[in-house]
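Colleague: Could you take me through one part of this model in detail, the largest nonpolar core and what surrounds it? I would enjoy a connected account rather than a list.

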Amino acid sequence: MLTGRARSWRAHCGVLVAWFPTRSGFGSAQVSLSPQSTCCLQLLAGPCAYPKVCKRRQPEPDPASQKMHYYRYSNAEVSCWYKYLLFSYNIVFWLAGVVFLGVGLWAWSEKGVLSDLTKVTRLHGIDPVVLVLMVGVVMFTLGFAGCVGALRENICLLKFFCGTIVLIFFLELAVAVLAFLFQDWVRDRFREFFESNIRSYRDDIDLQNLIDSLQKANQCCGAYGPEDWDLNVYFNCSGASYSREKCGVPFSCCVPDPAQKVVNTQCGYDVRTQLKSKWDESIFTKGCIQALEGWLPRNIYIVAGVFIAISLLQIFGIFLAKTLISDIEAVKAGHHF
């Protein structure tokens, strides 16, 4: 135990040194201190005996903390207006994509395509279900990317959504311009497309319903006339055909009878065995290409309105995505340290 009156106190490397008077002179005692409390204590006058160590010890920095980067935001999130408006915009297309995919897969399951995918490749015409599935995949992918990108503020997904919409917009614009400039070429391609589907009329029920709907809606028959149905093996007039529909046309080519409440699916049988001058009494003699060419000028304002509406929706989506991307990048760049 220390006795007497201490003359001075000094701290040295975690050790407290106390000097006190004794009978033979001055004595000393040492008491260990913790590193956090180590400091230079000098209660009496006089210089520090250990000037290099009489200072407060600082804790060494953690090397791992020096490698970390921190971001600080003035607000926790970007503009909620653009964020949730873009989410609402995309959720509609995402749900529509789910519906298209569901309908397409259900149609394929009914036709047995899911159990034998080679049926799609064996079809000479086009399967309408393929178009439904393609539209569904595109809408589902874009809607998902837009929804998740907006909610999670993911710049990568937002750029993918924006870039794809821009690509689709310019493709639509290019197709419209080329179709207007090269009308003869488009007409020939459409004729080839229609004739290839006439050949496959009985091979796929969905294709059959599509052609029937087109012919009934436009009151037409074949690509350029009823003779085009000679391309189908069931309606061909050649002697090699033993089909009951030989030299006939589908029921959708028949002129409807207001008195009949039930559709007569056999009204086109043997029609083309009659004189050509009598065809127009029972069937449509105008080709569907000619009917579509006449329909377009009559409904040009409707077509233009639909095209403008689709374009405005795409431009609106591009604007929202670009604004949200700029907002996120500005927040991150402005508060990085």
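Modeller: Happily. Of the 337 residues in this predicted model, 30% count as buried. The protein has 9 helices and 3 strands, and along the sequence these run in the pattern β-β-β-α-α-α-α-α-α-α-α-α. Among contacts between residues at least 6 apart in sequence, 64% join residues at least 24 apart.

Now to the part you asked about. The largest nonpolar core has 20 residues, and the members that touch the most others are Cys221, Trp229, Val249 and Ile283. Three helices, α6 (183–199), α7 (205–218) and α8 (288–298), each supply at least two residues of this core. The largest share, 3 residues, comes from α8.

Let me start with Cys221. Setting aside its neighbours within four places in sequence, Cys221 is in contact with Trp229 and Val249, and also with Gln215, Pro226, Cys253, Phe284, Lys286, Gly287 and Cys288.

Trp229 is a good next stop. This residue sits in the loop between α7 and α8. Trp229 counts as buried because its relative accessibility is 0%, against a cut-off of under 20%. The C-alpha atoms of Trp229 and Gly248 are 8.0 Å apart, with their positions 19 residues apart along the chain. The side chain of Trp229 also makes a polar contact of 3.5 Å with the side chain of Gln215.

Gln215 leads us on to Ser252, as the side chains of Ser252 and Gln215 are joined by a polar contact of 2.6 Å. Another polar contact, of 2.7 Å, links the side chain of Ser252 to that of Asp212. Ser252 is found in the loop between α7 and α8. With a relative accessible area of 1%, Ser252 is buried. Not counting residues up to four places away in sequence, Ser252 touches Asp212, Gln215, Lys216, Cys220 and Phe284. Gln215 and Phe284 are also on the contact list of Cys221.

For context, here is what lies elsewhere. Apart from the largest core there is another, of 18 residues, including Leu142, Ile155, Phe161 and Ile325. Ile155 and Phe161 bring us to helix α5, where they are buried along with Leu158, Cys162, Thr164, Ile165 and Phe169. Helix α5 covers residues 155–181, and its 27 residues should span 39 Å at 1.5 Å a residue; the end C-alpha atoms are 39 Å apart, so the two values agree. At the start of α5, a side-chain oxygen of Asn154 comes to within 3.0 Å of the backbone nitrogen of Cys156.

Helix α5 also takes us to the largest pocket, which holds about 1300 Å³ of space. Its lining is made up of 34 residues, and those closest to the centre are Val175, Ala176, Ala179, Val303 and Phe307. The elements giving two or more residues to that lining are α2 (80–111), α4 (128–152), α5, α6, α8 and α9 (300–334). Two of these names, α6 and α8, will be familiar from the largest core, to which each supplies at least two residues.

Notes: Residues are numbered from 1 along each chain as its sequence is written. This is a predicted model: local features need pLDDT of at least 70, side-chain atom pairs count only at pLDDT 80 or more; totals for chains, interfaces and linings use all residues. Side-chain values use heavy atoms; hydrogens and water are left out. A nonpolar core is a set of buried Ala, Val, Leu, Ile, Met, Phe, Trp, Tyr and Cys residues joined through side-chain atoms within 4.5 Å. Buried means under 20% relative accessible area, exposed over 50%, partly exposed in between (1.4 Å probe, protein chains only). Helices (H or I, at least four residues) and strands (E, at least two) are DSSP runs, numbered from the N terminus. Contact means heavy atoms within 4.5 Å. The expected span of a helix is 1.5 Å times one less than its number of residues. A polar contact is a pair of N or O atoms within 3.5 Å; within protein, one must be able to donate a hydrogen and the other to accept it, and residues adjacent in sequence count only if both atoms are side-chain atoms. On a 1 Å grid over the protein atoms alone, a cavity is a set of points where a 1.4 Å probe fits but cannot get out, and a pocket is an open set with protein on both sides within 12 Å along at least five of seven lines; lining residues have an atom within 4 Å of a point. Grid points are joined across faces, edges and corners, and a volume is the space filled by probe spheres set on the points.
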